[in-house]
Protein chains: 2
Amino acid sequence: MSTQIDSFGDFPAYTKLAERSRRVAFFSSVGSLLHWDQQTFQPPAAGAYRASQIAALETMSHELWTAGEVGDWLNACEQQDTTAASTQHKGNLREWRKSYDRATKLPTSLVEELARCSALAHDAWLEARKQSAFPIFAPHLKRLVELSREQARCWGGDDLYDALLESYEPGAKRADLQRLFDGIAPHASALAMAGESLPEPTPLPAGPYPIEAQQAFNREVAEAIGFDFSKGRIDTAAHPFCTTLGPADIRLTTRYDHADFTSSLLGILHEAGHGLYEQGLPDDYFGTPAGSAVSLGIHESQSRLWENQVGRSREFWEFWFPKALRHFPCLKESAADAVYRHVNRVRRSLIRVEADAVTYDLHIILRFRLESALMDGDLSVDDLPGAWNSEFEKLFGLPIPDDAHGCLQDIHWSGASFGYFPTYTLGNLNAAQLFQAAGAAIPKLGEKIAAGQYRDLGEWLRKNIHSHGSTLLPGELISAATGKPTQPDAHLAYLQRIISDQTG
Amino acid sequence: MSTQIDSFGDFPAYTKLAERSRRVAFFSSVGSLLHWDQQTFQPPAAGAYRASQIAALETMSHELWTAGEVGDWLNACEQQDTTAASTQHKGNLREWRKSYDRATKLPTSLVEELARCSALAHDAWLEARKQSAFPIFAPHLKRLVELSREQARCWGGDDLYDALLESYEPGAKRADLQRLFDGIAPHASALAMAGESLPEPTPLPAGPYPIEAQQAFNREVAEAIGFDFSKGRIDTAAHPFCTTLGPADIRLTTRYDHADFTSSLLGILHEAGHGLYEQGLPDDYFGTPAGSAVSLGIHESQSRLWENQVGRSREFWEFWFPKALRHFPCLKESAADAVYRHVNRVRRSLIRVEADAVTYDLHIILRFRLESALMDGDLSVDDLPGAWNSEFEKLFGLPIPDDAHGCLQDIHWSGASFGYFPTYTLGNLNAAQLFQAAGAAIPKLGEKIAAGQYRDLGEWLRKNIHSHGSTLLPGELISAATGKPTQPDAHLAYLQRIISDQTG
């Protein structure tokens with residue numbers, strides 16, 4: 001479990017920290033296998049024992065990392081001169097300190113209460129959504145809002161919401177997000193309307209798209225973009241995800257739509273984007289921050305880049321349509337352009353997870369505004385459905401028929417994951433900005449994509465994003481890779497292109 | 001993780017032991033998932049990290065169970081009056097004491113050396129078998145023999161081999177096995193010759209037996225004999241096994257032969273026999289001996305009972321042949337009798353894992369005699385190939401062409417598993433004896449099997465074997481279930497029937 005990392009790494013307290021960090025990662029990776037299996041293969045009756053296994057592993061990880069000696073080792077390292085230490089050592093120390101402080105600042109009673117209430121809230125949310133009855137969920141959500149505010153207060157800082165954001169997007173600030181999101185919202189709303197007035201594209205044939213054929217095509221595409229199947233695999237799960245079970249074991253999951261092969265394929269491009277990030281992290285630092293993904297927003301930039309910037313591009317389908325035809329003979333009367341238009345169809349809709357690239361951010365901005373107000377105490381839980389519906393109408397110009405299609409649709413708040421949603425839009429913005437930068441750095445990137453050649457793009461991402469692990473903060477990483485902090489321009493230009501490419 | 005078990009279970013030291021035992025079981029069950037995944041789905045490059053995960057979990061289990069407080073708790077319990085304690089409490093205390101003593105009697109250095117040498121020996125064995133070159137394996141085997149003798153000396157007792165046997169078959173004694181095996185050997189040899197002179201049965205059609213159809217048929221049969229798929233599943237693995245990942249999570253694996261559907265089906269009957277045992281153990285005692293299988297020999301009796309006594313019976317095929325025909329239309333010119341004869345074909349062969357029911361025990365008796373002599377120092381490793389070949393010729397009347405088909409064929413000795421082999425034949429003897437007793441207890445068992453009705457048999461096994469966990473020793477369990485200790489009679493009668501049923 002222990003490995004020393006060059007010069008500063010010989011310092012005993014650092015070695016101890018690295019060893020402990022790897023041990024925690026070891027438990028997490030085992031936990032990830034338990035979770036992966038739970039989502040893919042576990043027999044129906046095995047849930048209760050499995051949940052206790054996962055909880056026990058989480059407790060052990062938590063105890064290992066919050067033990068007093070970890071604080072002592074950190075202090076000892078911080079008393080050293082680290083000027084000559086490597087980027088990896090500095091990054092590790094910075095991240096270890098942060099996660100240790102955040103973990104130890106929370107009283108055990110609060111951690112347990114959050115876990116207990118989240119479990120209850122999850123069940124209540126499921127039932128509330130089923131019945132579209134917000135009052136079933138409301139008392140649970142109130143408690144989670146209280147506890148999350150308490151959590152944020154323990155973590156400290158000037159802004160409660162910022163303290164929560166830090167869990168998902170280190171260094172991100174609400175004020176910056178607000179500026180970014182306010183800059184996007186009106187344009188996205190306008191583009192959504194413009195997209196909707198485009199003529200309805202010719203529908204793709206309804207199938208058959210046999211699952212075996214979809215699996216074979218997905219794998220072909222995932223391999224082509226660089227996903228290494230000697231270090232990973234694809235399985236089926238109701239809720240697609242990517243998980244890391246070890247430095248050479250990155251697993252993707254997807255689900256299949258019998259009537260639309262593009263749904264699973266774009267899902268795989270998305271998950272493989274996450275997977276390429278994980279496969280591109282430096283193995284030598286596995287189990288330490290320098291070998292770990294830095295944030296959800298950066299992770300999502302990788303998945304969105306492959307799913308949207310590449311997978312929804314005209315060039316992509318020029319190359320892949322003939323290959324898709326071989327797997328799905330029903331496409332013989334269709335064409336690359338029809339698939340291109342199909343995957344870029346813009347329609348305002350009520351449900352986030354069904355949203356297209358143009359309207360997606362509006363869903364996020366809505367949630368960001370509301371959870372932000374909940375944390376400030378400017379919005380009460382009881383007023384949430386009303387606030388949701390009126391804000392939704394402002395952003396989308398559509399009425400919400402019931403709470404199941406409104407404020408009850410997402411799982412996140414039932415798990416007290418306040419501050420998570422913005423990372424989706426940060427991912428979109430970063431994806432567009434990174435793809436633009438890659439396009440400037442790689443000669444003829446468009447032609448390469450049209451020729452099914454992704455190596456230069458993959459290498460650029462590995463060099464500029466993956467290889468850094470968590471040594472740079474997300475903001476620093478994007479600035480270093482693209483020459484500027486996260487901005488809406490590239491993303492808005494991308495959304496604009498979706499519309500203009502289909503006009504006339 | 002902790003549960004109290006009725007009256008005596010309130011005694012604090014007992015509660016602590018139960019909690020620790022469940023905690024160890026928790027780690028083992030997580031380890032079993034890691035191992036299951038390794039054998040079924042793990043990507044090729046993930047092996048090294050996975051091995052380190054498994055090793056770390058084993059170390060943790062070992063440390064948890066050998067900690068000084070476990071000894072203190074045991075002493076405290078043993079000072080109590082346990083007269084009124086339940087069978088489960090008594091059984092747990094007996095088994096905990098035994099496993100604690102056995103674990104703590106071994107010096108850490110010996111445990112580590114055995115692990116290290118086994119790992120090396122495994123690689124050497126693979127290479128030796130590949131090249132059929134015993135000298136590659138010999139030095140490793142010598143070391144493992146030495147270390148195993150040392151291990152047996154640490155465990156103590158009058159007989160080194162008995163001390164090793166105890167790991168796999170508690171309470172079994174070499175002298176008893178020798179008597180049993182010497183009683184079987186001449187009969188089995190004679191029956192093998194008789195079986196071989198039967199006319200060659202009409203071959204079954206060579207297929208097609210598509211894997212999907214085999215999977216569907218296997219599942220239908222496994223469900224029919226009572227395997228609960230809400231608490232288990234079947235996957236594909238190169239080396240079939242059954243593993244327990246939790247009280248409601250028992251997994252079987254099998255492999256498929258494109259040209260013979262009976263191979264996988266009998267494999268599934270075998271593994272489902274193990275699985276029914278695991279599913280039939282009392283859930284309330286999961287993670288303690290009272291909720292655990294008692295020995296390999298008893299486990300094998302359950303797998304062999306379903307595979308051989310049921311799955312190779314005429315009655316079984318009378319019922320299942322028409323159903324097999326639905327899955328495999330190629331069987332339309334065949335008949336139940338042809339399948340019956342096909343799965344009962346007797347042929348002496350060199351390789352144990354390919355042996356039929358009649359010759360199987362001869363392979364075991366050979367290994368028992370040789371490993372017994374190795375442990376006594378009566379046979380040197382260098383003389384092993386010669387001894388194997390001459391003993392084989394005596395038992396089978398066949399020459400061994402090379403060591404790959406002789407003493408290098410099995411993995412067991414490369415893992416220092418001396419004392420494991422006899423449990424296979426104990427399983428066969430117990431399977432026949434249990435099936436005979438079940439037949440005496442259940443009216444018209446044969447007719448029920450011919451009607452595809454297995455409930456009475458399943459319930460009889462659950463009541464007489466599964467529900468006891470490890471509260472009775474294997475010998476006591478068989479005596480209680482069948483009215484007598486393990487004897488060769490029922491098994492020899494079964495082997496005799498295989499021949500006589502096909503004669504004339």
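This report describes the two chains of a predicted model, from their symmetry down to single residues.

Local features are taken at pLDDT of at least 70 and side-chain atom pairs only at pLDDT 80 or more, while totals for chains, interfaces and linings use all residues. Residues are numbered from 1 along each chain as its sequence is written, chains are lettered from A and ligands numbered from 1 in the order in which they are written, and side-chain values use heavy atoms, with hydrogens and water left out.

**Symmetry**

A turn of 180° with a shift of 0.0 Å along the axis lays chain A on chain B with an RMSD of 0.0 Å. That is the relation of a two-fold axis. The superposition is by least squares on the C-alpha atoms of residues with pLDDT of at least 70 in both copies. Of the interface residues of chain A, 100% are also interface residues in chain B, so the copies meet through the same surface. Contact here means heavy atoms within 4.5 Å.

**Helix α5 of chain B**

Helices are DSSP runs (H or I, at least four residues), numbered from the N terminus. Helix α5 of chain B covers residues 108–131. The expected span of a helix is 1.5 Å times one less than its number of residues. For the 24 residues of α5(B) this gives 34 Å, and the end C-alpha atoms are 35 Å apart, which agrees.

Which residues of α5(B) are buried? They are B:L110, B:L114, B:C117, B:S118, B:A121, B:A124, B:W125 and B:A128. Buried means under 20% relative accessible area, exposed over 50%, and partly exposed in between (1.4 Å probe, protein chains only). An α-helix has 3.6 residues a turn, so residues three or four places apart point the same way. The cover over the buried residues of α5(B) includes α6 (134–155) of chain B.

**Backbone exceptions**

Most residues other than glycine have a negative phi, and most peptide bonds are trans. B:S132 comes just after α5(B) and takes a positive phi; the residue is in the loop between α5 and α6 of chain B. The positive phi of B:A416 falls in the loop between α15 (384–396) and α16 (422–441) of chain B. B:S132 is partly exposed, with a relative accessible area of 25%, whereas B:A416 is buried at 12%.

| Site | Feature | Angle |
|---|---|---|
| B:S132 | positive phi | near 50° |
| B:A416 | positive phi | about 60° |
| A:G207 to A:P208 | cis peptide bond | omega about 5° |
| B:G207 to B:P208 | cis peptide bond | omega near 5° |

A:P208 is in the loop between α8 (174–196) and α9 (211–224) of chain A, and B:P208 is in the loop between α8 (174–196) and α9 (211–224) of chain B.

**B:D356**

B:D356 is in the loop between α13 (336–343) and α14 (357–376) of chain B. Is B:D356 buried or exposed? B:D356 is buried, with a relative accessible area of 13%. Apart from neighbours within four places in sequence, B:D356 is in contact with B:R345, B:V346 and B:R347. B:A192 is 164 residues from B:D356 in sequence, with the C-alpha atoms 9.4 Å apart.

**Cavities**

A cavity is a set of points on a 1 Å grid over the protein atoms alone where a 1.4 Å probe fits but cannot get out; lining residues have an atom within 4 Å of a point. There are six cavities of 30 Å³ or more, and the largest has a volume of about 80 Å³. Volume is the space filled by probe spheres set on the points, which are joined across faces, edges and corners. The lining of the largest cavity is A:G195, A:L198, A:P199, A:P201, A:R341, A:N344, A:R345, A:V346, A:R347 and A:Q502. By class, this lining has four nonpolar, three polar and three charged residues. Ala, Val, Leu, Ile, Met, Phe, Trp, Tyr, Cys and Pro count as nonpolar, Asp, Glu, Lys and Arg as charged, and the others, Gly among them, as polar.

Notes:
Helices (H or I, at least four residues) and strands (E, at least two) are DSSP runs, numbered from the N terminus. On a 1 Å grid over the protein atoms alone, a cavity is a set of points where a 1.4 Å probe fits but cannot get out, and a pocket is an open set with protein on both sides within 12 Å along at least five of seven lines; lining residues have an atom within 4 Å of a point.
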